[in-house]
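Q: Could you take a close look at one part of this model for me? I'd like to hear how the sheet is put together and what packs on it.

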Amino acid sequence: MQTLLWDRRVVLSILDAIGVPTPPRLVVSRDGGARVDSDAAIAFKECSGMDIDRVLARYASNSKSVKVMNHGIEVDGQFLEKTFIEKPVDGENHNINIYYSQDRGGGGRYLFRKIGNKSSQFVPDLATPHKDGSWIYEKLLDTENMEDIKLYTVGPTFVHAETRKSPTVDGHVKRNTDGKEIRFCAKLTQEEEEIARKVSKTFGQAVCGLDIIRVQGKSYVIDVNGWSFVKGNDFYYDQCARLLKEAFYRSVQERPLSLADQIPPEISPQNSWRLKGFAAVFRHGDRTPKEKLKIALLQAPLISLLDGSKREVVFRQKHQLLSVMKAVDLCLKTPSSDEIKLRSLKEVLEKKHNLPGTKVQLKPKFDKKTGRLANLHIFVKWGGEFTHAGRHQSRDLAENLRKDMNILNRDVLGDVKIFSSSERRVRDTAQVFGRWFLGDPESLDGVISESKYLLDDSNAAKEQGDAVKQQIKRLLKPGNIIPDWILAQIGWSAKLPQPYVVLQEISSIMAHLQRVMRDSWVNLDIDNIQRRWCCFDSPHLFKERWEKMFRNFSVEEEDVTPDPSYIPALYDSLKYDALHNRPFLQAVFNDPTSLRRLYKTAKTMFDFVAPLEFGISDTEKKNIGMLISFPLLKKIICDLDEMKSADKAKTRLYFTKESHVHALLNLVYLSGVPTKVPRNTLPELDYLTQITFELYERNRHTVSEKEYSLRIGFSSGAQYNSVLDLKLDAEHCLKVAPRRNLIPHLLLEEVLTYHKGYLHVPDLKNIEQQIEERKLHYAQEDDQ
């Protein structure tokens, strides 16, 4: 992958794709554009999960129009005003020019590799950029203290930084008495350390150098160099030696046991790692499709249900739902403009209040200036119930994990605590899993507890989530061309058209299948198509569910696409019916080609939309992740610290919903910990997705203290790419994918250092306050 550094256009394109800031620039290509050899392209794909051709798309051909002017340069309609830097696209060519504006005196400066005590030279008549060759033009930014910073990485876990006087100042090199350039060790910000890790990892350079500048509190990368070393710094080389030694030890331990007699005693099998603690976060098992009705009303009987609370209030027990229905009846006794909304709400409550899992959420909205109640949003939600397939999945996974624990260290089964959210499907998953993980004991008293604060829904990230959803809408607006480098970053296949085209195709297929289903309802004996219905489902509920989705995806104008936030519900229902109602699904949608095409396109768009709803940029992912899953991450960090110091092995398991798993996974990746699998290559987070934290201990005779290491694992759960092609039995059950390692086997303190960075973010107090203020309030419930 060293060849990626040979062309500055390639370097800059990759930096853009991984979200690393660089100065504003224009690129002039007269050589046919940037190219990467096939071996490097394959290696880059494996390392980053991105297609290099998509990353380079905008620089892959010659510039169409180049206009050189006295005050700047225009490339393909974009203008860059002097002062700017002119760099050759050849990464090995360090002959760089600066062209000053008239406001800065005009002229220019040659930059070159140091010759004696000079690194640049002012040239009064250097005014016109080159009119041949391929060049990069970057805006010259005024750096803090007129310095740039040289960063040197040794793998993604160590970075050393030194400041030096920028060669753009006067070209004079300051040297010490040994003749070496004077530099000063620099302390990097958390953002700069993250930039260094991203660059080292994405370019596949364990030993790497990069140059950054600081401008008005923001850092920009201006160059990336492979195989760069610090000169004359003992601490740097001590760290290099330590990392190299650890790499050798890990390599020896991974050798076949037949070579055990050649292994040094201190790292022999009898002194190897032993599981000391196990923590894991699980998504719940298979469920029925979730549905909801949303209405905004401001009626006194409904407001009284808040009982003075300014937070969202949840009603989910039968007597509570009846109280909501009585309030609606009271509202209807008084004529108002809300009568249609109220009758719609009354109809849904009458039909659904007896279904398992039905709940009503009241969300008050207050005027920010006056503090008065401005509106009341009412959500009726039903469905989302644990299925028989979920029970089978949970039992199978629990029994398999129990076998793993018995092999690794059966003592971890001696102290098990399981935490669940208050959602019925999550509690049921935890109950079934806990029972079989512990070997079917007589009682689970004292093992399973409910933790709303750690694992339940919260409105803390609602504004951020809504803002991201609006961005996704704009991305999928008809005719919007998403740049190739962004599609590469997301993991969108190069074989697919623009995402908005796929969304329009879904809308078209849905319109066709709506007609097909209605014809089937007229012409077929609907009640006798499918002999058995599971999970309280029926032909009537099937039709009701699909008619609602048809309405969601119905568009009357060509320049309009459906709301992409409906995609998860469509894919969810398709997958559910393909598993649980296959005969009925195929009979009423008796166009196999269209049905398969709908499944494929819905899956494609789900893989696009679902991860983005938790943030598009790294900053958004981190902010949303903190607001949703920071309490859970903090608890896991505490668990690992306790497991390390405890005398006996422990297990801590957390069961929650998809949003918490997405958010936690983003926090793991954004912590900076070295990962083995690119985030954009992970499949969907299906039922019983797991993120596992395995703590290992060893006690070598040559070391005075015990050593601890940590491995983070991941399973995408009960995931299968094409459920319609799967042969099913009566269980309707997809098997759970095995865990794979997200990170190498690293020292515990090293991994915790990355994640404990979240405990020290500048706005942590504000984040925790938002989480506390926005947590859901549950109406007084009976024990059930």
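A: Here's a walk through the sheet and the helix on it. Keep in mind that this is a predicted model, where local features need pLDDT of at least 70, side-chain atom pairs count only at pLDDT 80 or more, and totals for chains, interfaces and linings use all residues. Residues are numbered from 1 along each chain as its sequence is written, and side-chain values use heavy atoms, with hydrogens and water left out.

The sheet is an open one: five strands in the order 12-11-10-13-14, with antiparallel pairing. Strands here are DSSP E runs of at least two residues and helices are H or I runs of at least four, numbered from the N terminus; two strands pair if DSSP finds at least two bridges between them. At the edges you'll find strand 12 (184-185) and strand 14 (218-226), each with a single partner strand, so one side of each has no neighbour in the sheet.

Now look at strand 10 (residues 147-154) and strand 13 (residues 207-215), which pair antiparallel over six bridges. If you want one pair to find on screen, Lys 150 has Asp 211 of strand 13 as its bridge partner.

Packing on this sheet is helix 4 (residues 190-202), which touches strand 10, strand 11 (159-165), strand 13 and strand 14. Contact means heavy atoms within 4.5 Å. The direction of helix 4 makes about 145 degrees with that of strand 13; axes are lines fitted to C-alpha atoms, for helices over the stretch in contact, and angles run from 0 to 180 degrees between N-to-C directions.
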